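Me: I would like to go through a protein model by question and answer. Please keep the reasoning short.

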Amino acid sequence: MTSARPLYIPVILGTTRKGRMSAHAANLLVSEIGKREGVETDLIDIAKLPLPTDDAGAGVKDAGFSEKMSRADAIVIVSPEYNHGYSGLLKHVLDSCLKEYIHKPAGIVGVSAGPFGGTRVIENFLPVLRELGLVAIFWDVNFGNVSKVFDPSGKLLEEAYVRRTDKFLKELIWMAKTLRHGRDNISLD
Ligand SMILES: Cc1cc2nc3c(=O)[nH]c(=O)nc-3n(C[C@H](O)[C@H](O)[C@H](O)COP(=O)(O)O)c2cc1C
């Protein structure tokens, strides 16, 4: 079941807000994934995707984002909690693809100013992931009270998050390998 081809697990930074703390969480995830042998990653900053807002779905598909989603074996979605939901622009970006996601695992990292670490945004995400054909893993990372977790420069102040991220990534990578094996070897018919 092992493959010489590295796994590709990009991290989507799901907000365009100026001063976004989610960027620190996304950078930490990219750095932790990058330490793993046989796994490649990328930061996909939705602020840098040239998606029009006068159309939706496949009508605004960006070739570069679509190619990354096709290549991905799993995705990490870093989502801030905005009024207990995800950012509208993150949904707009995710909606631009569909077949690219099928039978691939997704892990969600919640980021919030309040103490719950985006647990509400994560719960709200689950039906969306399912409809996109993604498979939600059962670990999350919850950055609650995020202004105490990172300093303004992005330095991690709470080492416990490295252990939590490790647990999350172990599960995500296991799912990525398992579902890649399924996509490559097991027919639906
Ligand atoms: C429109 C908006 C709504 C928000 N709603 C919530 C919320 O429901 N719960 C919460 O804990 N924080 C809320 N926040 C604060 C964010 O969670 C906080 O800014 C956190 O750092 C993650 O977002 P960021 O990446 O934009 O910084 C909200 C922020 C904005 C801009």
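The turns below deal with burial and strand pairing in this predicted model.

Me: Is His24 buried or exposed?
Reply: His24 is part of helix α1, residues 22-34. Residues under 20% relative accessible area count as buried. His24 has 15% relative accessibility, so the term that applies is buried.

Me: Is Glu123 buried or exposed?
Reply: Glu123 sits in helix α4, which spans residues 119-132. The cut-off for exposed is over 50%. With a relative accessible area of 52%, Glu123 is therefore exposed.

Me: Why do the buried residues of α2 line one face of the helix?
Reply: Helix α2 covers residues 63-71, and its buried residues are Phe65, Ser66 and Met69. Viewed down the axis of α2, these residues line one face because they fall within an arc of 100 degrees.

Me: How many residues of β5 are buried?
Reply: On one side of β5, Ile75, Ile77 and Ser79 are buried. On the other side, Val76, Val78 and Pro80 are buried, so to speak of β5 is to speak of a strand with both faces covered. The count of buried residues is 6 of 6.

Me: Which residue in β6 is the bridge partner of Ile77?
Reply: Strands β5 and β6 pair in the parallel sense over 6 bridges. Within this pairing, the partner of Ile77 is Ile108.

Me: Which residue stands opposite Val78 of β5?
Reply: β2 and β5 run parallel and are joined by 3 bridges. The residue opposite Val78 is Leu13.

Conventions. Residues are numbered from 1 along each chain as its sequence is written. This is a predicted model: local features need pLDDT of at least 70, side-chain atom pairs count only at pLDDT 80 or more; totals for chains, interfaces and linings use all residues. Side-chain values use heavy atoms; hydrogens and water are left out. Buried means under 20% relative accessible area, exposed over 50%, partly exposed in between (1.4 Å probe, protein chains only). Helices (H or I, at least four residues) and strands (E, at least two) are DSSP runs, numbered from the N terminus. The arc is that of the directions from the helix axis to the C-beta atoms. Two strands pair if DSSP finds at least two bridges between them.
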